[in-house]
Amino acid sequence: MDVLGRIRNQYDTLSKTQKKIADYMQQHTNTCCFASLKEIAAATGTTEATVLNFSRKIGYASFQDMKNQLKEGVSDWTTPITTEAFSDLPFEELLKRNKTQQEENFAAIWKVGNEKAIEGAVRLLQDAKKIYCVACDFSSALSQYFHARFTRLGLNIEDVGSKSTTDILHSLAFADKEDLVVVFSFAEYSKMTLAVEEYLSMNGIKILCFSDRESSPASLMADVSIICNTRHFILLNSMTSVIILIDLLAITFFNENKIIFIQHKKKLDKMQRYLFEKRVMPLDRMDPL
């Protein structure tokens, strides 16, 4: 687990002074990794000893150890992704590497605290009056999948991921504090998605985020973050693990909220029968799941 992940997991156990350091590091991650002990102490209004004790509190032997890992994590989302897209690899090698990469991505989703995140996400979905899905570019395919999956479970969802900028703003202008925004953000991170998320978060709207790192800009602004390893040796991102986690969230939500699905199914069946009687559609079986 990286530095920001440790901070999130232990935040409630920190003292008031330690929380000041934690908040500063989460808000200024890309500069903290290069700052000295003295500089962080000055920026947070604490002492060098307090910063040192903070690093030990979250599990590091020294301030330098914490700083080194922070620097390593930040470099992953601030530097462009490098791939072997222009390498001439034999087909057998492509198969082997792709299999290995997907297996690593699958294994990683169970190592980053996603069990707790899934539980938190279910609560956010349960409490939301309306849900908006926000994504850009390739991630829009994921927002569409999320929309299709959870609409069929009976939730009121609007996918703005594939809309124009103007339509996105008109849709999200209706969002209020009773609503939930689901953000999909993966390296290289869309400035549009991050700006929208920042604005909504500042206005008190809950954020559920699917991202590739606990230290990603989108994760740091979210109320709950579900982390999905999306690495690939040629493609910019592989979305297999994201879909797996969307399905896991759907299964968990359904298991705890079957009554919502049942009510939705009754309304759906009633509407379908009416349209059948009007001879505008066949009475085929419709499975909302």
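Me: Helices are DSSP runs of H or I with at least four residues, strands are DSSP runs of E with at least two, and both are numbered from the N terminus. Where does D137 lie?

Reply: The model is predicted, so local features require pLDDT of at least 70 and side-chain atom pairs pLDDT 80 or more, while totals for chains, interfaces and linings use all residues. Residues are numbered from 1 along each chain as its sequence is written, and side-chain values use heavy atoms, with hydrogens and water left out. D137 is not a glycine, yet its phi is positive, near 55°. Its place is the loop between β1 and α9.

Me: Is D137 buried or exposed?

Reply: Buried means under 20% relative accessible area, exposed means over 50%, and partly exposed is in between (1.4 Å probe, protein chains only). The relative accessible area of D137 is 73%, and therefore D137 is exposed.

Me: S139 is also in the loop between β1 and α9. Is S139 buried or exposed?

Reply: Neighbours within four places in sequence aside, S139 is in contact with F184, F186 and M239, where contact means heavy atoms within 4.5 Å. The relative accessibility of S139 is 8%, so this residue counts as buried.

Me: In what order do the five strands of the open sheet stand?

Reply: Two strands pair if DSSP finds at least two bridges between them. The pairing in this sheet is parallel, and its neighbouring strands are turned by 15° against each other on average, direction ignored. The edge strands, which pair on one side only, are β2 (157-159) and β5 (224-227). The order is β2-β1-β3-β4-β5.

Me: Which residue of β3 stands opposite Y132?

Reply: Y132 is one of the buried residues of β1, a strand covered on both faces: I131 and C133 are on one side, Y132 and V134 on the other. Four bridges pair β1 with β3 in the parallel sense. Opposite Y132 in β3 stands V181.

Me: Which residue of β2 stands opposite C133?

Reply: β1 and β2 run parallel and are joined by three bridges. In β2, the residue opposite C133 is D159.

Me: What is the handedness of the β-α-β crossover from β1 to β2?

Reply: With the strands pointing away from the viewer, a crossover is right-handed if the path from the first strand over the helix to the second runs clockwise. Here the chain leaves β1, passes through α9 and reaches β2. Helix α9 (residues 140-151) lies across β1 (131-134), β2, β3 (180-185) and β4, at about 160° to β2. The crossover is right-handed.

Me: Which residue of β5 stands opposite L208?

Reply: Strand β4 (residues 206-211) runs parallel to β5, and four bridges join the two. Across from L208, in β5, stands V224.

Me: At what angle do helices α2 and α5 pack?

Reply: Axes are lines fitted to C-alpha atoms, for helices over the stretch in contact, and angles run from 0 to 180 degrees between N-to-C directions. The axes of α2 (residues 16-27) and α5 (residues 48-57) are 10 Å apart, and their angle is about 80°. That makes α2 roughly perpendicular to α5, a class that covers 65 to 115 degrees, whereas under 35 counts as roughly parallel, over 145 as roughly antiparallel and the rest as oblique. The angle asked for is about 80°.

Me: How many residues of the contact of α2 with α5 are nonpolar?

Reply: The contact is made by T17, Q18, I21, A22 and M25 of α2, together with T50, V51, F54 and K57 of α5. Ala, Val, Leu, Ile, Met, Phe, Trp, Tyr, Cys and Pro count as nonpolar, Asp, Glu, Lys and Arg as charged, and the others, Gly among them, as polar. Three residues of this contact are polar and one is charged, while the number of nonpolar residues is five.

Me: How many residues of the contact of α4 with α5 are charged?

Reply: Helix α4 (residues 37-44) packs on α5 at about 105°, with the axes 8 Å apart. That makes α4 roughly perpendicular to α5. L37, K38, I40 and A41 of α4 and E48, V51 and L52 of α5 make the contact. Five of these residues are nonpolar and none is polar, while the number of charged residues is two.
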